[in-house]
Amino acid sequence: MQIQNGMIKVTETTKQLAAGSQGLTAGMKAFLDKHPELATDVEFMTLIGTSDAITKGLVQFDQEVQPLKAGAEQLASGLTQAAAGSKQVSNGLSQLVVGQTAATAGIDKLQAGANQVANGNASVASSWSKLNNGVSSLQSGLSQISTGNSTVATGWETMTLGVTTLDNGAKQLQSGSKELSTGLAGGADEIAQIQVTDANIAMFSNPVGLSGETVNGLNYYRDSTAPYILSLALFVGILILSFVIDFKKPVVTPGSAYSWYASKLMNLSIFAIAQGLLVSLFSLFFLQLQVDSVVTFVLFSVFTSLTFMAIVFFLVVVGGNVGRFVALTFLVLQLSTTGSNLPIPMLPENLQSLSKFLPLTYSNAGFKSIISLGDTSFLLANVFVLFMFLVGFALLTLVAFLFFYKRGHAQVAVVV
């Protein structure tokens with residue numbers, strides 16, 4: 001409202017100023033008409049032009065103020081409407097607060113009712129659980145009663161059957177006693193008629209004659225211990241060789257881990273083959289060991305020597321002197337668990353299970369099959385297991401060489 005009133009006053013004032021300016025300008029022009037000599041006066045003419053310009057500016061200002069006056073009137077009207085709407089909003093907010101208060105009270109009541117319902121549900125659940133436990137206990141008791149009745153019935157039947165059997169046994173015992181008495185009496189009469197001679201005495205002292213047959217017999221005790229001694233000699237020979245020949249250090253700087261491994265494996269294989277040939281030929285020609293097949297015996301000796309070489313090769317390359325000690329301990333462990341002193345079936349069950357994972361078990365069995373059994377299929381089975389030992393430890397040794405070669409190059413790179 002103040003803006004509207006102010007615009008009205010501005011409009012009225014502008015009109016008054018414009019009217020006064022126009023009157024001033026008209027008066028000055030009339031004065032010029034009466035005094036034409038003033039037309040040459042620059043200051044007077046400038047004053048007339050300035051007054052005329054002010055008059056025109058006030059007229060134009062009045063025209064431009066009119067839209068502002070209309071806008072002020074619209075603004076005043078809008079503010080009046082806004083005030084009315086604000087009042088309505090205030091009344092609505094008051095009603096909303098009242099409704100919200102009532103809703104809060106209703107929610108509190110609803111929460112209280114929900115709590116009561118939850119407590120009721122918990123009580124029902126607890127009662128239902130107790131009822132379920134009671135039913136389960138009742139069912140368990142009924143099952144126990146049923147089981148007891150079945151047990152009583154079974155026991156009664158067993159007792160009845162036992163009494164019947166006892167009665168039958170008593171009758172058979174009585175009948176047997178009579179037969180025994182009659183037989184003893186008859187036997188006493190027959191023995192009384194027998195004449196005592198050396199033949200009769202020999203027959204009564206040794207009534208049963210036994211006959212035996214030797215299967216896979218051995219002429220000498222050395223033949224029975226040969227498998228154990230041969231396996232021990234081949235393993236110990238490779239172990240002693242590790243003290244003479246360096247299993248790990250290369251003669252020259254290797255170009256790759258594979259060439260390093262191949263050169264060491266080739267050199268040791270030559271010694272292992274030579275050892276197998278030497279041990280087998282010494283056993284055949286100097287100890288006069290009897291075997292089923294000389295060629296098979298020599299080949300198996302060489303193969304066993306190569307297998308033991310692969311095992312010791314891995315242990316020495318990885319552990320050095322510690323690996324040699326482990327190899328010696330590994331050998332001692334096998335002396336009494338691989339059928340050397342006692343057959344494996346006579347060992348405790350835990351040692352029987354352990355013997356399945358020891359290479360001397362299969363080397364001993366292989367030599368036995370060649371020396372005394374002559375069982376080719378049994379020999380091939382043991383050769384297959386030893387071959388698995390050979391391949392497995394050879395691959396492990398290759399992995400060790402790859403590791404050492406890579407670590408050596410890494411150390412050289414750090415130094416450089």
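**Exercise 1. The aromatic cluster**

Which residues do ring pairs link into a cluster in this predicted model?

*Solution.* Start with the members. Ring pairs join Phe247, Trp260, Tyr261, Phe313 and Phe401 into a cluster. Next, take the overall tally. The count of aromatic pairs comes to 14. One of these pairs is Phe235 with Phe330. Their ring centres lie 6.5 Å apart, with 55° between the planes. The pair is tilted, because stacked needs under 30 degrees and edge-to-face over 60. Then place the partners. Phe235 sits in helix α4 (residues 221-244), and Phe330 sits in helix α7 (residues 321-335). They are 95 residues apart, and the pair links distant parts of the chain. Finally, check burial. Phe235 has 0% relative accessibility, so Phe235 counts as buried.

**Exercise 2. The surroundings of Phe247**

Where is Phe247 placed, and is Phe247 buried or exposed?

*Solution.* First, location. Phe247 belongs to the loop between α4 and α5. Second, accessibility. The relative accessible area of Phe247 is 1%, which means this residue is buried. Third, contacts, leaving aside neighbours within four places in sequence. Phe247 touches Ile238, Leu241, Ser242, Lys264, Leu268, Val312, Phe313, Val316, Val317 and Phe401. Two of those partners, Phe313 and Phe401, return from the cluster of ring pairs. Fourth, a distance across the sequence. Phe247 and Gly320 are separated by 73 residues, yet their C-alpha atoms are 9.0 Å apart.

**Exercise 3. A lysine in α5**

Determine whether Lys264 is buried or exposed, and list what Lys264 touches.

*Solution.* Begin with the element: Lys264 lies in helix α5. Now apply the cut-off. Lys264 has a relative accessible area of 10%, so Lys264 is buried, given that buried means under 20%. Then list the contacts, not counting residues up to four places away in sequence. Lys264 touches Asp246, Phe247, Lys248, Lys249, Pro250, Phe313 and Phe401. Among them, Lys248 is 16 residues from Lys264 in sequence and 7.4 Å away, C-alpha to C-alpha.

**Exercise 4. Charges over rings**

Which rings have Lys248 and Arg324 over them?

*Solution.* Take Lys248 first. Lys248 lies over the face of Phe404, 3.5 Å from the ring centre. Now Arg324. The charged end of Arg324 sits over the ring of Phe243, at 5.1 Å from the centre.

**Exercise 5. The nonpolar cores**

Which residues touch the most other members of the largest nonpolar core, and which helix supplies its largest share?

*Solution.* The largest nonpolar core holds 50 residues. Phe247, Phe297 and Phe313 touch the most other members. Next, the sources. At least two residues of this core come from each of α4, α5, α6, α7, α9 (359-373) and α10 (376-415). The largest share, 16 residues, is supplied by α6. Now look beyond this core. A second, separate core has five residues, including Met28, Leu32, Leu38 and Phe44. Last, examine Phe297, again leaving aside neighbours within four places in sequence. Phe297 is in contact with Leu230, Ser280, Ser283, Leu284, Leu289, Val291, Phe367 and Ile370.

**Exercise 6. Packing of α6 and α7**

Describe how α6 and α7 are arranged, and name the residues in contact.

*Solution.* Two packed helices are described by the distance and the angle between their axes. For α6 and α7, the axes come within 6 Å and cross at roughly 145°. Now the residues. From α6, the contact uses Ile311, Leu315, Val316 and Gly319. From α7, the contact uses Asn321, Val322, Gly323, Arg324, Val326, Ala327 and Phe330. Sort them by type. Seven residues of this contact are nonpolar, three are polar and one is charged.

**Exercise 7. A positive phi**

Where is Gln288, and what is its phi?

*Solution.* Gln288 is in the loop between α5 (257-285) and α6 (294-319). Its phi is near 55°, a positive value in a residue other than glycine. Now classify Gln288. At 44% relative accessibility, Gln288 counts as partly exposed, because this class falls between 20% and 50%.

**Exercise 8. The whole chain**

How many helices and strands does the chain have?

*Solution.* The chain has 10 helices and zero strands. Of its 416 residues, 25% are buried. Finish with contacts between residues at least 6 apart in sequence. Of these, 73% join residues at least 24 apart.

Definitions and conventions: Residues numbered from 1 in each chain as written. Predicted model: local features only at pLDDT ≥ 70, side-chain atom pairs only at ≥ 80, totals over all residues. Heavy atoms only, no water. Helix = DSSP H or I, 4+ residues; strand = E, 2+ residues; numbered from the N terminus. Buried < 20%, exposed > 50% of the residue type's maximum accessible area, 1.4 Å probe, protein only. Phe/Tyr/Trp six-rings, centres within 6.5 Å; stacked < 30°, edge-to-face > 60°. Lys NZ or Arg CZ within 6 Å of the ring centre and 35° of its normal. Core = buried A, V, L, I, M, F, W, Y, C linked by side-chain atoms within 4.5 Å. Contact = heavy atoms within 4.5 Å. Axes fitted to C-alpha atoms, helices over the stretch in contact; angles between N-to-C directions. Nonpolar A, V, L, I, M, F, W, Y, C, P; charged D, E, K, R; others polar.
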